Amino acid sequence: MPLFWTFLIVLAIAALAFVLGRRGAVARTAGDSRQLHSLPSYYGWYSFILAAVPALVVMIMWIFVQPIVVEMRTVSALDLPEAVSTADQNAAMRQVRTVAMAVQDALASGAMTKDQLAAFATDPAPMGQALRDAGSSMLVTVTPTLYNAVDVYLGTSNMLAWIMTVVIIGLSLAGVFVAISRCRPDFRARNAVEKVTMSILVMASVIAIFTTVAIVVSMVFETTNFFSQHSWIDFFFGTTWSPAFQGQSQLGLLPLLWGTLYISFIALLVAVPVGLFTAIYLSEYATRRMRSIVKPLIEILAGIPTIVYGLFALITVGPLLRDYFAQPLGLGTSGSSVMTAGLVMGIMLIPFVSSLSDDIINAVPQSMRDASLGLGATPSETIRQVIVPAALPGIVGAILLAASRAIGETMIVVLGAGAAAQIGLNPFEAMTTITVKIVSQLTGDTDFNSPETLVAFALGLTLFVITLGLNIVALYIVRTYREQYE
Amino acid sequence: MTERTAGATPRRTSLMQLDARTKSRNAAEARFKAYGLGAITIALLALAMLMFSIFSTGSSAFRQTYATFEMMLPAETLDPKGNRDPAEMAKVTTIGYQNVLRGGLIEAVRSAGIVPDGVADSDITGILSPEAAADLRNRVLANPELVGTVVDIDALAHGRIDGYFKGRVTMQSAERDGNITPQRLQLAQAMTDNGLMAIRFNWGFVTKPDASDQRPEAAGLGVAILGSLYMMLVVLVLAVPIGVAASIYLEEFAPKNRWVDVIEVNISNLAAVPSIVFGILGLAIFINFAHLPQSAPIVGGLVLTLMTVPTIIISTRAALKAVPPSIRDAALGIGASRMQSVFHHVLPLAMPGILTGTILGLAQALGETAPLLLIGMVAFVRDYPDAPPAGLFDPASALPVQIYNWTQRADPAFVERASGAIIVLLAFLLVMNAIAIILRRRFERRW
């Protein structure tokens with residue numbers, strides 16, 4: 001991995017720069033470091049930054065630009081017709097990449113020499129077989145054009161990689177010289193270092209924004225792609241979900257939305273009373289000892305990964321509900337059902353609701369409790385008539401946050417709810433959700449440009465918008481509520 | 001204040017005797033308390049049921065049935081040239097070893113005189129896992145001197161035989177099963193009584209790679225654990241510096257303005273975005289746009305990093321906030337710059353809190369499944385990835401995804417495997433959380 005080695009070399013040069021910069025600055029004061037503007041190590045850090053940062057920035061940019069350049073040159077070598085579609089061009093590029101990868105592997109493992117490779121230039125037909133013999137699993141037949149393209153691809157990649165190594169190491173060394181010449185006693189090294197540190201801090205906090213922007217952009221882009229191939233009326237108002245790979249798919253959101261909301265509703269029906277009462281009991285009635293035992297136990301529920309809940313739904317709750325409720329009542333014969341997923345998701349949400357409500361109940365000022373109790377109210381009357389009304393906005397916020405969790409939950413519904421997209425009221429029937437369909441549409445081996453795959457992005461965007469809306473409202477409510485008592 | 005409404009007679013009450021209203025109020029109080037206790041009971045019961053269900057189905061995955069017998073490894077078939085050179089011996093395929101192994105088993109069983117009447121040789125060999133021959137081959141190739149000597153064989157028994165001893169397979173179900181017959185089960189029982197078959201601790205479950213649909217007995221978590229480890233490495237290297245740097249800026253340096261407000265709202269929203277959305281992001285950006293390889297730990301690690309950063313930011317900010325302002329003031333007072341006061345004084349004091357938050361964020365990332373499904377970690381991977389950094393780009397699996405993968409397979413033996421894998425996952429989480437708690441107890445300071 002030459003890239004990794006380049007990186008290590010740059011780091012080594014930078015470490016050297018640190019020593020040289022620090023020493024140089026101290027030497028210029030004849031060993032009396034009090035004459036320096038900054039502490040000696042700041043001169044070292046300054047040299048380190050000059051040696052490492054520009055080189056690494058160029059390196060990262062190079063990594064992004066290089067594939068584009070390589071691709072451009074390869075495409076021109078491929079000799080594609082003028083009016084080629086992007087999909088065809090991508091397919092051709094993919095072939096080139098597969099073959100190039102196989103060639104690189106074969107060269108690296110020594111199964112093929114460079115001379116052998118060059119010999120294929122006149123007759124590339126047996127090259128595919130040769131690569132397969134060398135252990136590659138690729139199935140492409142190599143044509144002369146493809147051979148050419150692969151040649152250009154590998155040649156350009158190699159050349160650019162070499163140029164990059166030279167440029168980067170050169171930049172790094174140049175940085176060392178500039179730094180050493182600047183490290184004079186009156187140079188304000190600390191201010192310079194702190195400026196760089198500060199910009200690193202700012203960049204780190206902007207990453208959060210970048211992530212959001214990337215989420216939105218990538219999903220909006222693919223969603224518009226989807227709507228250009230499929231009618232948006234069918235997506236938003238269609239009541240049938242039946243992807244068919246011959247085209248003519250019906251991709252209606254409504255059954256998925258119904259399943260999502262139904263399951264979330266049942267989950268909240270379980271989680272809100274249990275979580276709320278748990279929180280109330282723990283904060284108002286429980287002894288210190290009980291609280292110290294029960295609270296961590298309930299928090300264990302919060303730390304369990306959702307795949308565990310999913311398996312629990314699949315192997316325990318589903319069969320249990322089927323054998324003891326659904327079948328005797330004649331309501332269904334399926335282990336995976338709205339009820340299964342809803343119940344298990346409810347269990348998952350209990351600690352979420354209870355810890356949020358716990359915070360909120362504890363934020364109600366003690367004076368209000370004391371006043372109510374002093375007037376002769378029993379503790380339960382105090383809770384029902386004073387604390388809960390006072391905490392209500394916060395509790396509503398907590399419930400909304402829990403709802404957004406439930407809507408976005410994936411593994412429990414994938415394993416517990418089933419895959420049948422339908423609209424119905426029977427909670428013992430299998431239904432499906434938005435998240436289940438995102439997983440099933442994106443995990444198969446499907447063509448990436450078909451509407452059946454792209455619909456997952458539209459579903460993802462829908463999910464994102466719904467949960468974001470709920471979160472914003474909930475966070476707003478919780479925030480204003482907190483300020484009320486602070 | 002003492003004025004009374006005319007005509008109203010004072011109600012005669014006694015503290016000793018409760019009137020109806022007080023009684024009903026007290027009853028309401030008791031009921032309300034019972035609701036609270038009931039809620040706690042439900043929550044704890046659910047936890048107990050969950051744990052019981054996982055442990056009762058999963059603990060048997062750590063034990064596996066082996067046929068144990070002695071046999072001579074014939075040199076003429078396994079090393080025809082007699083040089084004991086592994087490269088030459090590799091020419092003998094697994095089929096060759098299978099024949100040798102089967103012969104050895106038949107001889108061992110027949111000579112013990114425990115074969116019930118009417119049991120054909122094919123029934124005897126049918127109790128072995130198809131994987132057993134491959135295991136033997138690897139063992140011999142690693143140590144060619146074994147050829148020509150008498151060795152102790154530990155051969156994996158067939159998954160159904162294993163299921164019989166674990167109660168999954170019965171004589172009745174065996175009759176309807178194409179992979180097993182009641183005769184083989186009887187033979188296995190007889191072998192166990194005779195010491196030729198034993199259930200032992202199964203290290204292979206934690207170290208071996210996944211196996212195909214037909215061989216649940218050979219499936220292990222090795223590749224998945226390694227993949228998860230690599231991803232945690234990526235998350236640790238990327239998420240912690242980014243998260244800590246962002247929190248330092250937001251908590252210590254950020255001016256109070258609109259722009260910073262946007263960042264803060266953004267971070268709390270990102271923490272609540274469904275994990276699957278991050279999977280879609282990873283698929284669109286890292287795989288379709290940046291052409292990073294599918295099912296590689298690097299992609300999984302990047303996606304999990306984006307997910308974990310908000311969590312780390314939130315806990316780090318809390319830790320920084322807990323350091324009293326007097327520390328900063330004292331540092332500034334003796335001439336430190338703001339940057340120095342933060343990096344030399346505040347940050348070290350906040351370290352335990354930051355570490356705790358980081359470990360909890362990592363634990364959350366370790367159990368995350370949905371985004372990894374979308375970036376192709378579901379693929380069937382049998383080869384161990386190389387050592388990092390190159391190994392970060394090799395295909396690998398991940399613990400939670402491996403669990404999901406196993407739940408999707410037909411053979412019920414994989415349910416046991418999936419539950420066993422969950423036990424491993426929970427053990428990792430337990431260790432991480434325990435470390436977090438110990439750190440907090442040890443180093444937490446109250447000001």
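This briefing covers the domains, the chain contact and selected helices of a two-chain model. The model is predicted. Chain A and chain B each give 69 residues to the contact between them. Each chain is also assigned a domain 1 and a domain 2, in chain A and in chain B.

**Domains**

- In chain A, the domain assignment places domain 1 at residues 2-187 and domain 2 at residues 241-485.
- The centres of these two domains of chain A, taken over C-alpha atoms, are 48 Å apart.
- In chain B, the assignment gives residues 59-202 to domain 1 and residues 222-443 to domain 2.
- Taken over C-alpha atoms, the centres of domain 1 and domain 2 of chain B are separated by 44 Å.
- The contact between the two domains of chain B involves seven residues of domain 1 and eight residues of domain 2.
- On the domain 1 side of that contact in chain B, two residues are nonpolar, four are polar and one is charged.

**Contact between chains A and B**

- Of the 69 residues on each side, helix H7 of chain A (residues 189-229) supplies 19 to the side of chain A, the most of any contributor there.
- The side of chain A that touches chain B consists of 47 nonpolar, 19 polar and three charged residues.
- Across the two chains, helix H11 of chain A (residues 306-326) and helix H1 of chain B (residues 20-58) have axes that come within 10 Å and cross at roughly 75°.
- Angles of 65 to 115 degrees count as roughly perpendicular, and H11(A) and H1(B) are therefore described that way.
- H11(A) makes this contact through Val308(A), Phe312(A), Ile315(A) and Thr316(A), and H1(B) through Leu50(B), Ser53(B), Ile54(B) and Thr57(B).
- Five residues of the contact of H11(A) with H1(B) are nonpolar, three are polar and none is charged.

**Helix packing within chain B**

- Helix H4 (residues 94-112) and helix H6 (residues 131-142) of chain B pack with their axes 8 Å apart, at an angle of about 105°.
- This angle makes H4(B) and H6(B) roughly perpendicular.
- H4(B) contributes Thr94(B), Tyr97(B), Gln98(B) and Leu101(B) to the contact, while H6(B) contributes Ala132(B), Ala133(B), Ala134(B), Leu136(B) and Arg137(B).
- By class, the residues of the contact of H4(B) with H6(B) are six nonpolar, two polar and one charged.

**Helix H2 of chain A**

- Helix H2 of chain A runs over residues 40-78, and its 39 residues should span 57 Å at 1.5 Å a residue.
- The end C-alpha atoms of H2(A) are 57 Å apart, which agrees with that expected span.
- H2(A) has a kink of about 30° at Val65(A), shortly before the proline Pro67(A).
- Asp79(A), just after H2(A), takes a positive phi of about 65°.

Key:
Residues are numbered from 1 along each chain as its sequence is written. Chains are lettered from A and ligands numbered from 1 in the order in which they are written. This is a predicted model: local features need pLDDT of at least 70, side-chain atom pairs count only at pLDDT 80 or more; totals for chains, interfaces and linings use all residues. Axes are lines fitted to C-alpha atoms, for helices over the stretch in contact, and angles run from 0 to 180 degrees between N-to-C directions. Helices (H or I, at least four residues) and strands (E, at least two) are DSSP runs, numbered from the N terminus. Angles under 35 degrees count as roughly parallel, over 145 as roughly antiparallel, 65 to 115 as roughly perpendicular and the rest as oblique. Ala, Val, Leu, Ile, Met, Phe, Trp, Tyr, Cys and Pro count as nonpolar, Asp, Glu, Lys and Arg as charged, and the others, Gly among them, as polar. The expected span of a helix is 1.5 Å times one less than its number of residues. The bend at a residue is the angle between axes fitted to the seven residues ending there and the seven starting there. Domain bounds come from an automatic or database domain assignment.
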